[in-house]
Amino acid sequence: MSVEPSLAPVECEVLFPCPPARAYRLFVDDLGTWWPLGTHSVFGAEGTVAVTDGRLVETGPDGATAVWGTITEAVEPEVLEFTWHPGADPDTATLVRVTFAAAGPGGTRVRLVHTGWQARPDGAAARAGYDRGWPGVLDALAAAA
């Protein structure tokens, strides 16, 4: 199967009603409180997810784990970048970069850019799915803020 050498990144952003440092910490420290596990996870709503030892790790109700990705850059409170392969082979990882920038009085513009689709054998289909999925994930984060 041939994959297009370059697929456009998925890009989305949302405004948060809190300062960048709070938005960043909410993403990293409280991932398990806002992530929509019922629709966007390996183990479903009964799982939990957290950043552990520089990795995003989901734990199922039976204790099984699935690594979603590894943090490649963390510049608090501005940038969080990580590989992305929820429950899949790390060789098929894509890259997610989330930036946190001050916007207005006390607010934050959170921007997510997801690239690297050529690493996946189903790059175009995966990209289309994440193009629909990431906005809902960021909306869940914004609601938690």
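Reader: Which residue forms a salt bridge with Arg-25, the closest N and O atoms being 2.5 Å apart?

Author: Glad you asked! This is a predicted model, and in it Glu-76 is such a partner of Arg-25. Glu-76 sits in the loop between β4 (65-75) and β5 (79-84), while Arg-25 belongs to helix α1, so their pairing ties together parts that are 51 residues apart in sequence.

Reader: Where does Asp-29 come in, and which side chain does it meet in a salt bridge?

Author: Asp-29 also meets Arg-25, with 2.5 Å from N to O. Here the partners share helix α1 (residues 20-29); because they are four residues apart, about one helical turn separates them.

Reader: Are Arg-25 and Glu-76 buried or exposed?

Author: In between, as it turns out. Arg-25 is partly exposed, with a relative accessible area of 25%. Glu-76 is partly exposed as well, at 45% relative accessibility.

Reader: How many salt bridges does the structure hold?

Author: There are ten. Another of them joins Arg-97 and Glu-73, at 2.8 Å from N to O. Arg-97 lies in strand β6 (residues 94-102) and Glu-73 in strand β4, so this pair ties together parts that are 24 residues apart in sequence. Arg-97 is partly exposed at 29% relative accessibility, and Glu-73 is partly exposed with 28%. Salt bridges can also share partners: Glu-11, Glu-13, Arg-109 and Arg-111 are joined into one network that way.

Reader: Let's turn to the sheet. How do I read its strands?

Author: Start with the general idea: strands of a sheet pair through backbone hydrogen bonds, and they do so either parallel or antiparallel. In this structure, seven strands make an open sheet, and the pairing is antiparallel. Walking across the sheet, you meet β1-β7-β6-β5-β4-β3-β2 in that order. At the edges are β1 and β2 (48-52), each of which pairs on one side only. On average, neighbouring strands are turned by 20° against each other, ignoring direction.

Reader: How many bridges join β5 to β6?

Author: Six bridges join these two antiparallel strands. To find your place in the model, look for Thr-83, which stands opposite Leu-95 in β6.

Reader: Which strands do α1 and α3 touch as they pack on the sheet?

Author: Helix α1 touches β1, β2, β4, β5, β6 and β7, and its direction makes about 150° with that of β6. Helix α3 touches β1, β5, β6 and β7; its direction makes about 10° with that of β1.

Reader: What about the nonpolar core? Which residues touch the most other members of the largest one?

Author: Look for two tryptophans, Trp-35 and Trp-134, in a core of 33 residues. At least two core residues come from each of β1 (10-16), α1, α2 (31-34), β5, β6, β7 (108-115) and α3 (123-144). Helix α3 gives the most, with six residues.

Reader: Which residues is Trp-35 in contact with, leaving aside its neighbours within four places in sequence?

Author: Trp-35 is in contact with His-40, Val-49, Trp-68, Trp-84, Trp-134 and Val-137. Trp-134 is thus on the list, and like Trp-35 it is one of the two residues that touch the most other core members.

Notes:
Residues are numbered from 1 along each chain as its sequence is written. This is a predicted model: local features need pLDDT of at least 70, side-chain atom pairs count only at pLDDT 80 or more; totals for chains, interfaces and linings use all residues. Side-chain values use heavy atoms; hydrogens and water are left out. A salt bridge is a side-chain nitrogen of Lys or Arg within 4 Å of a carboxyl oxygen of Asp or Glu. Buried means under 20% relative accessible area, exposed over 50%, partly exposed in between (1.4 Å probe, protein chains only). A nonpolar core is a set of buried Ala, Val, Leu, Ile, Met, Phe, Trp, Tyr and Cys residues joined through side-chain atoms within 4.5 Å. Contact means heavy atoms within 4.5 Å. Two strands pair if DSSP finds at least two bridges between them. Axes are lines fitted to C-alpha atoms, for helices over the stretch in contact, and angles run from 0 to 180 degrees between N-to-C directions.
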